Amino acid sequence: MTDLFSPLTLRGVTFRNRIGVSPMCQYCANEDGKPTDWHLAHLVSRAVAGPGMVMTEAAAVTPEGRISPGDLGIWSDDQLPAHQRLVAAIAAMGTVPAIQLAHAGRKGSRLPAWEAGPAVPGWEALAPSATPFQGYATPRAMSEAEILGTIQAFADAAVRSVKAGYTFIELHAAHGYLVHQFLSPISNLRNDSWGGDFEGRTRLLREITRATRAVIPDSMPLGVRISHTDWVEGGWNTEESVMLAQRLKELGVDVVDVSSGGLDAGQKIPLGPGYQVPGAEAVKKGAGIPVMAVGLITEPAHAQAILDEGKADMILLARAFLRDPYWVVNAAVALGRIEALKIPPQYDRAWGSLAKFKTDPAIGKPLPAL
């Protein structure tokens with residue numbers, strides 16, 4: 001059985017435990033795409049508690065690849081100093097600093113998530129086909145030159161990510177954004193070599209993966225986030241995800257972050273704790289590749305059980321970390337793994353004596369959650 005607090009090594013990078021902070025869009029980068037003080041406070045406050053990895057929100061590889069004008073970006077060298085500051089602060093906590101590279105495609109040019117409607121001023125959204133996401137503007141179908149340019153943009157963003165100091169890169173191919181739009185037959189209606197059958201629909205992701213792997217150090221792990229199913233009849237499905245993961249493994253991908261949905265408003269998702277874990281398990285066992293599991297995983301015992309049952313290799317949380325930045329600490333207490341805590345000395349007076357309290361017979365009862 002794999003312990004939630006045991007290390008995980010992918011290529012030349014070791015995550016000190018199996019807990020990661022999942023990407024969470026914050027929509028506060030302003031129009032220059034640079035990380036702000038909000039990103040610093042938001043991400044470093046999660047890193048303080050000692051997760052194995054902290055990943056940025058989706059970072060757009062081009063200006064038109066943003067979801068909103070406030071999206072994080074890494075399309076310009078001008079953005080590097082702000083990223084370097086963020087990376088240094090996360091790494092100082094002993095946590096792996098990670099970045100997710102993304103392009104919104106037809107789900108771009110929108111206001112922040114808490115506001116409805118298109119961005120003003122906005123920009124022309126691009127997609128594999130001129131079919132809109134429900135309630136959004138109709139995108140323009142990409143030309144071959146634009147597709148090739150997008151592949152290069154991902155590679156260029158990966159180079160910048162290395163320069164910024166990130167030690168793990170994830171390619172975003174989930175949640176209905178551009179790469180997922182190419183994967184799904186619902187949104188990809190092309191009849192050229194970038195659409196049609198499985199080979200054509202997966203070509204963009206395979207080419208982005210190949211280009212990214214070629215420009216980052218061999219010691220640097222590369223991950224891909226996928227939606228293992230669209231939850232829509234006739235859409236992308238788990239069987240195809242397993243086949244895709246096998247191909248990605250051959251191209252040098254080290255781990256697959258398995259999510260689901262986001263492509264079609266008609267999706268019917270059976271929400272519940274760990275509802276996406278079966279997809280992660282299918283990819284892990286079917287493709288023989290490490291996976292990260294996500295999806296309403298909130299309780300430490302549940303996270304540990306997923307690892308115990310061999311369904312995943314790492315657990316990523318998002319909303320749980322928004323509610324409790326110190327989820328890692330509370331998980332260690334709940335699972336009796338206080339000795340695994342990695343607390344900054346500045347916070348030692350709050351947590352440094354937990355081990356003594358736990359073993360003190362005078363307490364006579366379990367230590368409550370913090």
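In this predicted model, the lining of the largest cavity divides into seven nonpolar, two polar and two charged residues. That cavity has a volume of about 50 Å³, and the structure holds two cavities of 30 Å³ or more. The largest pocket contains about 1300 Å³ of space, the largest nonpolar core has 86 residues, and a search of the whole structure finds 18 salt bridges. The points below take up the enclosed spaces, the open pocket, the buried packing and the charged pairs in turn.

**Cavities**

- The residues that line the largest cavity are Ala58, Ala59, Ala60, Gly65, Arg66, Ile67, Asp71, Ala102, His103, Ala104 and Tyr177.
- Strand β4, which spans residues 53–60, supplies the largest share of this lining, namely three residues.
- The second largest cavity encloses about 40 Å³ of space, and its lining is made up of Phe5, Arg16, Asn17, Ala49, Gly50, Val328, Ala340, Leu341 and Lys342.
- By class, the lining of the second largest cavity consists of five nonpolar, two polar and two charged residues.

**The largest pocket**

- About 1300 Å³ of space lies in the largest pocket, and of the 46 residues that line it, Pro23, His175, Tyr177, Arg225 and Arg319 are the closest to its centre.
- Two elements, β13 (314–317) and α10, give two or more residues to the lining of this pocket, and α10 provides the largest share, with four residues.
- The lining of the largest pocket comprises 25 nonpolar, 14 polar and seven charged residues.
- Tyr177 appears both in the lining of the largest cavity and among the residues closest to the centre of the largest pocket.

**Buried packing and nonpolar cores**

- In soluble globular proteins, nonpolar side chains tend to be buried together.
- Within the largest nonpolar core, which has 86 residues, the members that touch the most other members are Leu101, Ile169, Val256, Val283, Ile315 and Trp327.
- Helix α3, covering residues 144–164, gives the most to this core, with eight residues.
- Apart from the largest core lies another core, of 14 residues, which includes Phe15, Met55, Met292 and Leu316.
- When residues up to four places away in sequence are not counted, tryptophan 327 touches Leu4, Ile19, Thr298, Glu299, Pro300, Ala303, Leu317, Ala320 and Phe321.
- Helix α1 (residues 37–47) has as its buried residues His39, Leu40, His42, Leu43, Val44, Arg46 and Ala47, and these pack against β3 (19–21), β4, β5 (72–73), α2 (80–91) and α10 (319–323).
- Helix α10 is thus named twice in this briefing, as a packing partner for the buried residues of α1 and as the source of four residues in the lining of the largest pocket.

**Salt bridges**

- Side chains of opposite charge can pair when their charged atoms come close.
- Glutamate 199 and arginine 247 meet through their side chains in a salt bridge, with an N to O distance of 3.0 Å.
- Because glutamate 199 lies in helix α5 (residues 198–201) and arginine 247 in helix α7 (residues 238–250), this pair ties together parts that are 48 residues apart in sequence.
- Glutamate 199 counts as partly exposed, at 37% relative accessibility, and arginine 247 is also partly exposed, with a relative accessible area of 24%.
- A salt bridge also forms between glutamate 207 and arginine 210, whose closest N and O atoms are 3.1 Å apart.
- Glutamate 207 and arginine 210 are three residues apart in helix α6 (residues 203–215), so about one helical turn separates them.
- An α-helix has 3.6 residues a turn, so residues three or four places apart point the same way.
- Both partners are partly exposed, glutamate 207 with a relative accessible area of 24% and arginine 210 with one of 37%.
- Arginine 337 pairs with glutamate 339 in a salt bridge in which the closest N and O atoms are 2.4 Å apart.
- In this pair arginine 337 is partly exposed, with a relative accessible area of 21%, whereas glutamate 339 is exposed, with a relative accessible area of 55%.
- Elsewhere, Arg11, Arg213, Asp218 and Asp254 are joined into one network by salt bridges that share partners.

Conventions:
Residues are numbered from 1 along each chain as its sequence is written. This is a predicted model: local features need pLDDT of at least 70, side-chain atom pairs count only at pLDDT 80 or more; totals for chains, interfaces and linings use all residues. Side-chain values use heavy atoms; hydrogens and water are left out. On a 1 Å grid over the protein atoms alone, a cavity is a set of points where a 1.4 Å probe fits but cannot get out, and a pocket is an open set with protein on both sides within 12 Å along at least five of seven lines; lining residues have an atom within 4 Å of a point. Grid points are joined across faces, edges and corners, and a volume is the space filled by probe spheres set on the points. Ala, Val, Leu, Ile, Met, Phe, Trp, Tyr, Cys and Pro count as nonpolar, Asp, Glu, Lys and Arg as charged, and the others, Gly among them, as polar. Buried means under 20% relative accessible area, exposed over 50%, partly exposed in between (1.4 Å probe, protein chains only). Contact means heavy atoms within 4.5 Å. A nonpolar core is a set of buried Ala, Val, Leu, Ile, Met, Phe, Trp, Tyr and Cys residues joined through side-chain atoms within 4.5 Å. A salt bridge is a side-chain nitrogen of Lys or Arg within 4 Å of a carboxyl oxygen of Asp or Glu.
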